[in-house]
Amino acid sequence: MTQNTPLSPRLPRLPLHPEDVAHRVLSAAQLRARGVSAAQTSAQCLPGGPWQHLLPGVYLLHPGPPTGRERLHGALLYAGRPPASARRAPADPADAGYGESMVTGVAALALHGFASVGDVEALHRIDVLVPRTRRLRSTRFVEVLRAASMPGAVRVGELPVAPVERALADAVAGTVDAACVRRLLTEAVRDGHCEPAAVVRELSEAKLLGRPAVVGAVDALLAEGRAVAEARLYAMVREHGLPEPVWNVELRLPGGPPLGGVDAYWPDQAVAVELDARAPRYGAPGRRGRAEEDPRWSAYAAKREHLERLGITVVRLSPRKLREAADQQATVVRTALMAAADREPAAYVMVLPR
């Protein structure tokens, strides 16, 4: 018997499209909305029958093993089913049945295209994120994770998926393998899935930054983020026809103390670019989301103020803006260079390799 075998004539005709997961995996509510009673569903799931019981309240409408996509769809249907008090209400046949649930953790990273987690077909566990108020147990291949505040889901195909930084935090929470954590965090930044600051913020809110497996991985994450941001800065200058600056230099007054390092400097125009690749710092548990005073920010602000008193224009660029709007950032730098002719000459500074 195949998944295209005609169903019993006593059942309403259910369209089974091999290419459409949503027609191969249905919840009990969706079956009822299509005119299939609980008794008829149970009869179809008897040994040797054409259907099978995939998860509590979720059915696979063919006898073969479920594919990875069918397991994902089934996990969302299980996690998205309404509370028992609301299950008597008629279901909308057009409703996907996911409720507020979304895929997270390693399965979400696979859907986002992370090479290091492998193909979604090979996953043995699927993490789903639901509101904290849901009374739902983990079962079989589904691990239920609860959130006090649900993030906005990202659609990957037809599936609601947690944003990369939240999926990373949930994946990291489920592993003690330092090499695995480092690999995931590095790939997230190196391949442009998200910015380091967003990852560190999510790890901090999940109270994961103090874990031994995470500490060294965050250092590698920030180093990778810095390297990626520098590469984007080089590309922006060259692809948008900006004059070539001197790269990664330290400025110093003749005979005086160092003024600090900058990522790019145009001596003739006295314009400096500095990448803001700092990671946020967060307070102790119980002060969730409240930023501490960062000494690095204070030092950066003091350096910028000192340089600008000397007549040097400092342009601060963020890695995120370089990734998402490099043309706009090139315009900002070009404007600063063109405005140099209308400013008072800057103080003479020495430019040294950093």
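This is a dialogue about how to read some features of a predicted model.

Colleague: I would like to begin with the sheet that contains β9, so in what order do its five strands stand?

Modeller: The strands of this open sheet are arranged in the order β12-β11-β10-β9-β13, and their pairing is mixed. The edges are taken by β12 (313–317) and β13 (350–353), and because each has a single partner strand, one side of each is left without a neighbour in the sheet. On average, neighbouring strands here are turned by 50° against each other, direction ignored.

Colleague: Which helix packs on this sheet and touches β9, β10, β11 and β12?

Modeller: That helix is α8 (residues 212–239), whose direction makes about 105° with that of β9. Helix α11 (residues 326–339) lies across β10, β11 and β12, and runs at about 180° to β12.

Colleague: When I look at a pair of strands, how many bridges join them, and in which sense do they run, if I take β9 and β13?

Modeller: Strand β9 (residues 246–252) is joined to β13 by four bridges, and the two run antiparallel; within this pairing, Leu-251 has Val-351 of β13 as its bridge partner. Moving to β10 and β11, you find three bridges in the antiparallel sense, with Trp-266 standing opposite Val-271 in β11. These two strands form a hairpin with four residues between them, and Ala-270 in the turn has a positive phi of about 55°. In contrast to that antiparallel pair, β11 and β12 pair in the parallel sense over five bridges, where Leu-275 has Leu-317 in β12 as its bridge partner.

Colleague: Are the faces of β11 covered or uncovered?

Modeller: Both faces are covered, since Val-271, Val-273 and Leu-275 on one side, and Ala-272 and Glu-274 on the other, are all buried. Put as a count, five of the five residues of β11 are buried.

Colleague: What should I expect of nonpolar side chains in general?

Modeller: In soluble globular proteins, nonpolar side chains tend to be buried together. In this model the largest nonpolar core has 59 residues, and Leu-168, Leu-185 and Leu-203 touch the most other members. Beyond its neighbours within four places in sequence, Leu-203 is in contact with Ala-169, Val-172, Leu-185, Leu-208, Leu-209, Val-214 and Val-218. There is also a second, separate core of 18 residues, which includes Ala-229, Leu-322, Ala-330 and Val-333.

Colleague: Is Glu-70 buried or exposed?

Modeller: A residue is called buried when its relative accessible area is under 20%, and because Glu-70 has 1% relative accessibility, this residue counts as buried. Glu-70 sits in helix α3 (residues 68–80), where its side chain makes a polar contact of 2.4 Å with the side chain of Arg-24 and also reaches the backbone nitrogen of Thr-67 at 2.8 Å. Residues touched by Glu-70, not counting those up to four places away in sequence, include Val-21, Leu-54 and His-62.

Colleague: Which residues are in contact with Thr-41, leaving aside its neighbours within four places in sequence?

Modeller: They are Leu-31, Val-36, Trp-51 and Tyr-59. Thr-41 belongs to helix α2 (residues 38–44), and at 5% relative accessibility it counts as buried.

Colleague: Where is Asp-119 found?

Modeller: Asp-119 lies in the loop between α4 (105–112) and β5 (126–131), and with a relative accessible area of 48% it is partly exposed. The side chain of Asp-119 reaches the backbone nitrogen of Glu-121 at 2.8 Å. Asp-119 and Ala-107 are 12 residues apart along the chain, and their C-alpha atoms are separated by 8.9 Å.

Technical notes: Residues are numbered from 1 along each chain as its sequence is written. This is a predicted model: local features need pLDDT of at least 70, side-chain atom pairs count only at pLDDT 80 or more; totals for chains, interfaces and linings use all residues. Side-chain values use heavy atoms; hydrogens and water are left out. Buried means under 20% relative accessible area, exposed over 50%, partly exposed in between (1.4 Å probe, protein chains only). A polar contact is a pair of N or O atoms within 3.5 Å; within protein, one must be able to donate a hydrogen and the other to accept it, and residues adjacent in sequence count only if both atoms are side-chain atoms. Two strands pair if DSSP finds at least two bridges between them. Axes are lines fitted to C-alpha atoms, for helices over the stretch in contact, and angles run from 0 to 180 degrees between N-to-C directions. Contact means heavy atoms within 4.5 Å. A nonpolar core is a set of buried Ala, Val, Leu, Ile, Met, Phe, Trp, Tyr and Cys residues joined through side-chain atoms within 4.5 Å.
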